[in-house]
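Here's a walk through one protein model, taken a stretch at a time. Keep the structure open beside you and follow along.

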Amino acid sequence: GAPAAGGAGAAANLDQLRQVSRKSQRGEEDTKTYMIAGELGSFGVMDVLTEHKDFVAALAISDDGKTLYSGSADKTIRAWCTESFECLATMEGHRKAITALWLEGGTLYSSSQDSTVKVWDTATRDVLHTVRHSDTVWAVCVAADYVALAAEKAVFLYEKKTDVYKQRKELKGHKKTVKALCAKGSYLFSGSNDKTIRVWDTSDFECKYVLKDHEGWVRTVKIYGTFLYSGAYDNTVKVWNLESLECEQTLGNPKKVESLALWHSYLFTGMDDARQKVFNIKTWEAVGQMKEHNLAVLAMVANTQYVFSASYDSSIRVWGAKPNEDDE
């Protein structure tokens, strides 16, 4: 749920990050170092996680930043230690590809093409509940007392009770498939192939606003601080003020945007041609571009030390600040 990586103040720790960054365990010594304009400097892949057998569509990270969760088309969720990069567990239960993950405290929610959302206890890694729906669930998130599921052209709210998850409401309005969800408090944001983002209030089930600035399918919506970030197939990321819901910035990308993540004062975007772009959110300038994945970058998350990107190429790449040559 809540993004782990902080904004202001965090940038001061980059030098510390650089000192503790270690070389990749798997002998990936030849990975490229990218120069990111400004204080970030040398930046690159610290490790590559290749255990998934099919594309990786979803990532989530624990509030303390210590555990990464990945959901794949191989039907499994993997839990990873973000210090050793070892796989801690493989969580099985879904019958088809996993489409999204949402972490709320010690509870992980996973949606799948098998038309279910599974509710996992992250301590025991057991399934606590299975929410059965009638269609592929493309996205999942928690908004106040509800688990929200994106399926077909609607968002479905299920009551988040300890014993049973009962469908409470269907939120209608989108004209095409809903593929992205995020929430803050009782407010729910849904991004759709109809090129819009709808803002719902789960306290009265009303659609409060329709954000129409995108000109392509909306693939990802995330909240960081007081802004909503949306990435779309019109090759842009739009930055919306959560108070006014005005679009304050439009960030151009060379290709369709599949994913995004905020790390310190940097916004990372992941594209369908395997490239990733970096923007400094203090100036909104593009400060770098990388290409290490072989196929589309489908999901990204960050903790204070690393950015994690998951791809159609079945790998997860771990990005971090590399030691500067003159530091060694």
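**Strands, charges and a few odd turns**

Let's start with a pair of neighbours: strand β23 (residues 257-263) and strand β24 run antiparallel to each other, paired over 6 bridges. Before going further, a word on what you're looking at: this is a predicted model, where local features need pLDDT of at least 70, side-chain atom pairs count only at pLDDT 80 or more, and totals for chains, interfaces and linings use all residues. Residues are numbered from 1 along each chain as its sequence is written, and side-chain values use heavy atoms, with hydrogens and water left out.

Strands here are DSSP runs (E, at least two residues), numbered from the N terminus. Two of them count as paired if DSSP finds at least two bridges between them. Within the β23 and β24 pair, L262 sits opposite L267 of β24. The two strands make a hairpin with 2 residues between them, and H264 in that turn has a positive phi of about 55°.

On the other side of the turn, what happens to β24 (residues 266-271)? It is largely enclosed by the rest of the structure, because 6 of its 6 residues are buried. Buried means under 20% relative accessible area, exposed means over 50%, and partly exposed is in between (1.4 Å probe, protein chains only). Look at which way the side chains go: Y266, F268 and G270 point one way from β24, L267, T269 and M271 point the other way, and all are buried.

Now carry on to strand β25 (residues 275-280), which is antiparallel to β24 and joined to it by 5 bridges. One pairing to find is G270 with its bridge partner in β25, Q276. Again there's a hairpin: 3 residues lie between β24 and β25, and A274 in the turn has a positive phi of about 85°.

Around here you also meet a charged pair. Side chains of opposite charge can pair when their charged atoms come close. A salt bridge is counted when a side-chain nitrogen of Lys or Arg is within 4 Å of a carboxyl oxygen of Asp or Glu. D273 makes one with R275, with their closest N and O atoms 2.7 Å apart. D273 is partly exposed at a relative accessible area of 22%, and R275 is partly exposed too, at 23%.

From R275, look across to Q289, which is 14 residues away in sequence and 7.1 Å away in space, C-alpha to C-alpha. Q289 belongs to strand β26 (residues 285-291) and, with 33% relative accessibility, counts as partly exposed.

How many salt bridges does the structure hold? There are 5. Another of them brings together the side chains of K208 and D204, at 2.8 Å from N to O. K208 is partly exposed at 33% relative accessibility, and D204 is partly exposed at 32%. Then there's D313 with R317, whose closest N and O atoms are 3.7 Å apart. Are these two buried or exposed? Both D313 and R317 are buried.

Some charges gather on the surface instead. D63, D64, E83 and E104 form a negative surface patch. For patches, residues need over 30% relative accessible area and no salt bridge, and like charges are joined within 9 Å. D63 sits in the loop between β3 (56-61) and β4 (67-72), and its 55% relative accessibility makes it exposed.

Two other loops are worth a stop for their backbone angles. K75 is in the loop between β4 and β5 (77-81), and its phi is near 75°, a positive value in a residue other than glycine. K75 is partly exposed, with a relative accessible area of 40%. R125, in the loop between β9 (116-121) and β10 (126-132), has a phi near 60°, also positive in a residue other than glycine. R125 counts as partly exposed at 25% relative accessibility.

Finish with two buried residues in strands. L49 is in strand β2 (residues 41-49) and is buried, with a relative accessible area of 1%. Its C-alpha is 7.5 Å from that of F85, with their positions 36 residues apart in sequence counted as distance apart. V140, in strand β11 (residues 139-143), is buried at 2% relative accessibility. The C-alpha atoms of V140 and A151 are separated by 9.4 Å, and the two residues are 11 apart along the chain.

Terms used: Helices (H or I, at least four residues) and strands (E, at least two) are DSSP runs, numbered from the N terminus. Patches are made of residues with over 30% relative accessible area and no salt bridge: like charges are joined within 9 Å, nonpolar side chains (Val, Leu, Ile, Met, Phe, Trp, Tyr) within 5 Å. Accessible areas come from the Shrake-Rupley method with a 1.4 Å probe; for residues, only the protein chains shown count as cover. Lys and Arg count as positive and Asp and Glu as negative; His and the chain ends are not counted. The place of a charge is taken as NZ of Lys, CZ of Arg, CG of Asp or CD of Glu.
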